[in-house]
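Colleague: Before we discuss the fold, please show me the sequence and the model. I should then like to begin with the surface.

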Amino acid sequence: MEYLTKDFLLSKLIYLDIANYRRMGKLTHGKYLHEPTGYYNYLLEIYSELSKENIIKLLKLKPKGDDFIHLDIF
């Protein structure tokens, strides 16, 4: 599918990590935590080094909510 560009997949991967970070706060502190300042950009810098195929592999491995199930790669 054409909409599955590397940028699109990077965005989904990073937002998934942010959502998981916030959920971990809920489990450990009883409330959702906001990610640290610059967290998105830091993850973008790291994940940008991955190939599109590796990003897809990571997305398939990570726990997901209903918002991510509709993608054809899952």
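Colleague: What share of the exposed area of the protein chain do carbon and sulfur atoms supply?

Modeller: The coordinates come from a predicted model, so the values are computed from that prediction. The protein chain exposes about 5,300 Å². Of this area, carbon and sulfur atoms supply 55%.

Colleague: In what order do the elements of the protein chain run?

Modeller: The protein chain holds 3 helices and 0 strands. Read from the N terminus on, the order is therefore written with helices alone: α-α-α.

Colleague: What percentage of the contacts between residues at least 6 apart in sequence join residues at least 24 apart?

Modeller: Two residues are in contact when heavy atoms lie within 4.5 Å. Taking the contacts in the protein chain between residues at least 6 apart in sequence, those that join residues at least 24 apart amount to 60%.

Colleague: Which helix supplies the largest share of the largest nonpolar core?

Modeller: Buried residues make up 27% of the 74 residues in the protein chain. The largest nonpolar core has 13 residues, and L9, L13, I14, L43, Y47, I55 and L59 have the most contacts inside it. Helices α1 (6-29), α2 (39-47) and α3 (52-61) each supply at least two residues of this core. The largest share, 6 residues, comes from α1.

Colleague: Which residues does L43 touch, leaving aside those up to four places away in sequence?

Modeller: L43 is among the residues with the most contacts inside the largest nonpolar core, as is I14. With residues up to four places away in sequence not counted, L43 touches I14 and D17.

Colleague: Is D17 buried or exposed?

Modeller: The cut-off for a buried residue is a relative accessible area under 20%. D17 has 9% relative accessibility, so D17 counts as buried.

Colleague: With which residue does D17 form a salt bridge?

Modeller: The structure holds 2 salt bridges. In the one formed by D17, the closest N and O atoms are 2.8 Å apart, and the partner is K62. D17 lies in helix α1 and its partner in the segment after α3, so the pair ties together parts that are 45 residues apart in sequence. The partner of D17 is thus K62.

Colleague: How many residues apart in sequence are the parts that E35 and R22 tie together?

Modeller: The side chains of E35 and R22 meet in a salt bridge, with an N to O distance of 2.9 Å. E35 lies in the loop between α1 and α2, whereas R22 lies in helix α1, so the parts they tie together are separated in sequence by 13 residues.

Colleague: What is the relative accessibility of R22?

Modeller: E35 is partly exposed, with a relative accessible area of 22%. R22 also counts as partly exposed, and its relative accessibility is 30%.

Key
Residues numbered from 1 in each chain as written. Predicted model: local features only at pLDDT ≥ 70, side-chain atom pairs only at ≥ 80, totals over all residues. Heavy atoms only, no water. Core = buried A, V, L, I, M, F, W, Y, C linked by side-chain atoms within 4.5 Å. Buried < 20%, exposed > 50% of the residue type's maximum accessible area, 1.4 Å probe, protein only. Helix = DSSP H or I, 4+ residues; strand = E, 2+ residues; numbered from the N terminus. Salt bridge = Lys/Arg side-chain N within 4 Å of Asp/Glu carboxyl O. Areas by Shrake-Rupley, 256 points an atom, 1.4 Å probe, with all protein chains shown as cover.
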